[in-house]
Amino acid sequence: MKRIVIKVGSHVLTENGAIAKPRMLALVQLIAELKTHHYDVILVSSGAVSAGYTQLPLDRSQVANKQALAAIGQPLLLKMYQEKFARFNLLCSQVLLSADVFGEPEHIAHAKNAIDTLLKNNVVPIINENDTVSIEELVFGDNDRLSAHVAHYFDASLLVILSDIDAFYDKDPNKYDDAKRRVVVNRLAEDELNAEHTPNNEFATGGIVTKLQSADFLMKQGREMFLASGFDLGDVKAFLVDGEHKGGTLFKA
Ligand SMILES: Nc1ncnc2c1ncn2[C@@H]1O[C@H](COP(=O)(O)OP(=O)(O)O)[C@@H](O)[C@H]1O
Ligand SMILES: N[C@@H](CCC(=O)OP(=O)(O)O)C(=O)O
């Protein structure tokens, strides 16, 4: 079995202020299919804050409100995932992590044991940041870097980031029509890793920079990252199931 991590961002999971159920179903269907192709999949899913906001529109600029929204939204998000995975006779599970876990070898070992046991029993782990306990100084905030840590510390060879953008370009394709797709990236320059954050959606926090930082971290650990569209799963499916690199960007040192 090849262990991979798939990360899906808030924008992909949100449509007109609600959780985009057809997109969630397409993702769950892909994971079910990957499991028949000898992949063990860990899912890192954002969307707790946006799911909470569908029930109670608190001001998201306040940290405490965001934490409250995550507390409201996370069980709703998991309920939706449970319903969808059940259609494919799969169990899923919730693992909430915070940045400080990755600073404590003992905590990492415990979390890895739990993840290993879930995967051994054919259960899909669904990870999110534990937003209500994550204090400001020790918070990932975006799930891009969290998923890179998950891939590294829980021993996945590949992280797949499903984004609102279908690849990494030489400049922001939402601003420049002549932006060109980077097909394979072997290394990233300092200025690319320190650029301004540019999320493309009110619920997203990372932007392209946190994705590049994740790719850089993983490449330095000898692991790979694939960035592809979460709106249309054709490219990621071709890459993982058929071994064809049609769209998307592969980060590989
Ligand atoms: N060079 C680039 N290549 C691709 N996307 C870029 C680039 N520069 C800026 N971006 C922006 O980053 C956005 C992706 O980040 P974000 O909105 O946080 O996604 P997600 O919610 O999927 O995590 C794109 O929609 C795009 O507008
Ligand atoms: N933990 C947060 C994720 C925050 C977030 O916006 O992440 P992302 O869309 O990956 O930039 C949530 O579930 O809402």
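**Briefing: core, sheet, helices and annotated sites**

The largest nonpolar core holds 58 residues, and V5, I6, I42, L43, L159 and V160 touch the most other members. The model is predicted. Its eight strands form an open sheet with mixed pairing.

**The core**

- I6 is one of the core residues that touch the most other members.
- Leaving aside neighbours within four places in sequence, I6 is in contact with I31, V41, L43, V160 and L162.
- L43 and V160 are among these contacts of I6, and both belong to the group with the most core contacts.

**The sheet**

- The strand order is β5-β6-β4-β1-β7-β9-β10-β8.
- β5 (91–97) and β8 (184–185) stand at the edges. Each has a single partner strand, so one side of each is left without a neighbour in the sheet.
- Strands of a sheet pair through backbone hydrogen bonds, in either a parallel or an antiparallel sense.
- β1 (residues 2–8) and β7 (residues 158–163) pair in the parallel sense, over five bridges.
- Within that pairing, I4 has L158 of β7 as its bridge partner.

**Helices on the sheet**

- Helix α2 (residues 21–35) packs on the sheet and touches β1, β4 (39–45) and β6 (123–129). The direction of α2 makes about 155° with that of β4.
- Helix α6 (residues 143–153) lies across β1, β4, β5, β6 and β7. It runs at about 170° to β1.

**Checking the length of α5**

- Helix α5 covers residues 105–120, which is 16 residues.
- At 1.5 Å a residue, α5 should span 22 Å. Its end C-alpha atoms are 22 Å apart, so the model agrees with the expected span.
- N122 follows α5 and has a positive phi, near 65°.

**Annotated binding site**

- An unreviewed UniProt entry gives the annotation "binding site" to K7, S163, D164, T205, G206, G207, I208, V209, T210 and K211.
- K7 is found in strand β1. Is K7 buried or exposed? K7 has 31 other C-beta atoms within 10 Å. The cut-off for buried is 20 or more, so K7 counts as buried.
- Leaving aside neighbours within four places in sequence, K7 is in contact with V44, N143, D144, S147, L159, V160, I161 and L162.
- T210 lies in helix α8 (residues 207–220). T210 has 25 other C-beta atoms within 10 Å, so T210 is buried as well.

Methods:
Residues numbered from 1 in each chain as written. Chains lettered and ligands numbered in written order. Predicted model: local features only at pLDDT ≥ 70, side-chain atom pairs only at ≥ 80, totals over all residues. Core = buried A, V, L, I, M, F, W, Y, C linked by C-beta atoms within 7 Å. Buried ≥ 20, exposed ≤ 12 C-beta atoms within 10 Å, placed from the backbone. Contact = placed C-beta atoms within 7 Å. Helix = DSSP H or I, 4+ residues; strand = E, 2+ residues; numbered from the N terminus. Expected span 1.5 Å × (residues − 1). Pairing = 2+ DSSP bridges. Axes fitted to C-alpha atoms, helices over the stretch in contact; angles between N-to-C directions. UniProt positions renumbered as here; feature names shortened; annotations may be inferred.
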